[in-house]
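User: Please take a close look at one part of this model, the annotated domain. I would like a connected account of the sheet, the aromatic residues and the histidine contacts there.

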Amino acid sequence: MKVRRVENMAGGKGHVVIRDILEQEQLGEKCRMYAEVTLEPGCSLGVHEHRGECETYYILKGQGEYDDDGAKRPVKQGDVTVTPSGHSHGLANTGETDLVFMALILLD
């Protein structure tokens, strides 16, 4: 399992730790990413738009603020978000512990 640390991802604050569950060659033609993502307290994944793909987050632990096309709402363990092609999203850790979620990007 490959682990990467990305600074200021999509213009966000701090860093994001991405644990790829499957390697690129295992994902096939319809999947771009399947990973566990960690945002430490105070870190965020900046707002970004998806084109030709859909991204889903499943929150495993922690709490945060999800930006869904500019509408912000709280998220916590057990919540699911879906961002279809042509839409944007971002996520910030607003808690005092790590915000951990599964990210799945499927191509249209």
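Analyst: This is a predicted model. In an unreviewed entry, UniProt places the feature "domain: Cupin type-2" at residues 36–103. Within that span the content is 68% strand and 0% helix, and the C-alpha atoms at its two ends lie 6 Å apart.

The sheet provides the frame for the rest of the description. It is an open sheet of 6 strands, in the order β1-β2-β3-β10-β5-β8, with antiparallel pairing. The edges are taken by β1 (3–7) and β8 (80–83); each has a single partner strand, so one side of each is left without a neighbour in the sheet. From one strand to the next, the twist averages 25°.

Two of the pairings can be followed in detail. Strand β2 (residues 15–20) runs antiparallel to strand β3 (residues 31–39), and 4 bridges join them; here V17 stands opposite T38 of β3. Strand β3 also pairs with strand β10 (residues 99–107), again in the antiparallel sense, over 8 bridges. One of the residue pairs is C31 with its bridge partner L106 in β10.

The aromatic residues come next. The count is 2 aromatic pairs. In one, the ring centres of Y57 and Y66 are 6.1 Å apart with the planes at 80°; planes over 60 degrees apart count as edge-to-face, and therefore this pair is edge-to-face. In the other, Y57 and F101 have ring centres 4.4 Å apart and planes at 50°, so the pair is tilted. This second pair links distant parts of the chain, since Y57 belongs to strand β5 (residues 53–61) and F101 to strand β10, 44 residues apart. Through these ring pairs, Y57, Y66 and F101 are linked into a cluster.

Burial can be stated for each member of the cluster. The relative accessible area of Y57 is 1%, and Y66 likewise counts as buried at 1% relative accessibility. Both values are under 20%, the limit for burial, which means that both tyrosines are buried. F101 is buried as well.

Finally, Y57 leads to the histidine contacts. H48, in strand β4 (residues 44–49), touches Y57. Leaving aside residues up to four places away in sequence, H48 also touches A10, E55, H87, S88 and H89. In addition, the side chain of H48 makes a polar contact of 3.2 Å with the side chain of H50. Y57 thus appears both in the ring cluster and among the residues that H48 touches.

Technical notes: Residues numbered from 1 in each chain as written. Predicted model: local features only at pLDDT ≥ 70, side-chain atom pairs only at ≥ 80, totals over all residues. Heavy atoms only, no water. Polar contact = N/O pair within 3.5 Å; in protein donor to acceptor, adjacent residues only side chain to side chain. Contact = heavy atoms within 4.5 Å. UniProt positions renumbered as here; feature names shortened; annotations may be inferred. Pairing = 2+ DSSP bridges. Axes fitted to C-alpha atoms, helices over the stretch in contact; angles between N-to-C directions. Phe/Tyr/Trp six-rings, centres within 6.5 Å; stacked < 30°, edge-to-face > 60°. Buried < 20%, exposed > 50% of the residue type's maximum accessible area, 1.4 Å probe, protein only.
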